[in-house]
Amino acid sequence: MDATIHLAQQPEADELLGRSALAALVGMLLDQQIPMEWAFTGPYTVARRLGADDLDAGEIAAYDPDAFGELLRRKPAVHRYPASMAKRVQELCRYLVDEYDGDASAVWRDVSSGAELLARLKALPGYGEQKAKIFLALLGKQYGVRPEGWREAAGTYGEEGSFRSAADITGPDSLARVRAWKQEKKAAAKAGAPAAGKTAKKTAKKAAKKAPGK
């Protein structure tokens, strides 16, 4: 891999993300319930604490779980929930060792379609539908991994010119636009929640009035 990445907004961490398939996968895995920059700096922090310039799936998979958890907990912590994320990172690495001989880039190297790539990503521990689609879009938009139908497989995250996820971040400006979009989405969902609740209550009252004996 050889890409110019700005997800961590920190030169050394972004350089690692640009050349390491495993670092990119781990960064995406960590991107949950914490700011994106914190999540994507995680792989670099872990590599440094392991005394290496890259992550090794075999080494992490075989690492003592308690020791690896402590490595992520060490201040500054790699994640808000370092213990649970340490387990997820090790699960991911064990899967890569078992299924791809520890070669993270093999997940997408020989895929023939976007649908096949999405299926492979969804099979990774810690990768649900949404995370898999975002990472697929990231691969297509910033790493040049573009099997036939990749945009369609990534859904709205694959749309050209969108600012919805990590896949669209190429610098501070785009980071701000993605963050603004997420805040708007949360605000819209929050504004719609009371209305939906009131509608449900009205429906329940009407049903109660029509019930036998009323």
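In the predicted model, Tyr 143 is in contact, once its neighbours within four places in sequence are left aside, with Met 1, Ala 3, Ile 5, Leu 17, Gly 18, Ala 24 and Leu 138. Tyr 143 also belongs to the largest nonpolar core, a set of 66 residues in which Leu 25, Phe 40, Leu 96, Trp 108, Leu 121, Phe 135 and Tyr 143 touch the most other members. The element that gives the most to this core is helix 2, residues 21–30, with nine residues.

The fold that surrounds this core is made up of eleven helices and zero strands, and its elements, read from the N terminus on, accordingly run α-α-α-α-α-α-α-α-α-α-α. Of the 214 residues in the protein, 43% are buried. Among contacts with a separation of 6 or more, 57% are between residues 24 or more positions apart. The accessible surface comes to about 11,400 Å², and carbon and sulfur atoms account for 51% of that area.

Two of the residues in contact with Tyr 143, namely Leu 17 and Gly 18, are also among the buried residues of helix 1 (residues 11–19), which are Ala 13, Asp 14, Leu 16, Leu 17 and Gly 18. The buried residues of helix 1 pack against helix 2 and helix 3. At the N-terminal end, helix 1 is capped by Gln 10, a side-chain oxygen of which lies 3.2 Å from the backbone nitrogen of Glu 12. In the segment before helix 1 is found Gln 9, a residue other than glycine whose phi is nevertheless positive, near 60°; with a relative accessibility of 32%, Gln 9 counts as partly exposed.

Within helix 2, Gly 27 is buried, its relative accessible area being 0%. Beyond residues up to four places away in sequence, Gly 27 touches Ala 39, Phe 40 and Pro 43, and the C-alpha atoms of Gly 27 and Ala 39, which are twelve residues apart along the chain, are separated by 5.6 Å. Phe 40 thus appears both as a contact of Gly 27 and among the core residues that touch the most other members.

A further set of contacts links Leu 30 with Met 85, which is found in helix 6 and, at 2% relative accessibility, counts as buried. Although Met 85 and Leu 30 are 55 residues apart in sequence, the distance between their C-alpha atoms is 7.0 Å. Leaving aside neighbours within four places in sequence, Met 85 is in contact with Leu 29, Leu 30, Gln 32, Leu 72 and His 79. His 79, for its part, is situated in the loop between helix 5 and helix 6 and is buried, with a relative accessible area of 1%. A polar atom of the His 79 side chain lies 2.8 Å from the backbone oxygen of Gln 32, and the residues that His 79 touches, not counting those up to four places away in sequence, are Leu 30, Gln 32, Ile 34, Trp 38 and Met 85. The loop between helix 5 and helix 6 also holds Pro 76, which is joined to Lys 75 by a cis peptide bond with omega about -5°.

In helix 5 itself (residues 65–73), the buried residues are Phe 68, Gly 69, Leu 71 and Leu 72. Seen down the helix axis, these buried residues fall within an arc of 155°, so they line one face of helix 5. Their cover includes helix 3 (36–49), helix 4 (57–62) and helix 6 (82–100). At the start of helix 5, a side-chain oxygen of Asp 64 reaches to within 3.2 Å of the backbone nitrogen of Asp 66.

The structure holds four aromatic pairs. In one of these, the ring centres of Tyr 127 and Phe 135 are 6.0 Å apart and the planes stand at 90°, so the pair is edge-to-face. Both Tyr 127 and Phe 135 are buried, and together with Trp 108 they form one aromatic cluster; Trp 108 and Phe 135 are also among the core residues that touch the most other members.

A positive phi in a residue other than glycine is found also at Asp 101, where the value is near 55°. Asp 101 is placed in the loop between helix 6 and helix 7 (106–109), and at 74% relative accessibility this residue counts as exposed.

How values were computed:
Residues are numbered from 1 along each chain as its sequence is written. This is a predicted model: local features need pLDDT of at least 70, side-chain atom pairs count only at pLDDT 80 or more; totals for chains, interfaces and linings use all residues. Side-chain values use heavy atoms; hydrogens and water are left out. A nonpolar core is a set of buried Ala, Val, Leu, Ile, Met, Phe, Trp, Tyr and Cys residues joined through side-chain atoms within 4.5 Å. Buried means under 20% relative accessible area, exposed over 50%, partly exposed in between (1.4 Å probe, protein chains only). Helices (H or I, at least four residues) and strands (E, at least two) are DSSP runs, numbered from the N terminus. Contact means heavy atoms within 4.5 Å. The arc is that of the directions from the helix axis to the C-beta atoms. A polar contact is a pair of N or O atoms within 3.5 Å; within protein, one must be able to donate a hydrogen and the other to accept it, and residues adjacent in sequence count only if both atoms are side-chain atoms. Accessible areas come from the Shrake-Rupley method with a 1.4 Å probe; for residues, only the protein chains shown count as cover. Rings of Phe, Tyr and Trp (its six-membered ring) pair if their centres lie within 6.5 Å; planes under 30 degrees apart count as stacked, over 60 as edge-to-face and the rest as tilted.
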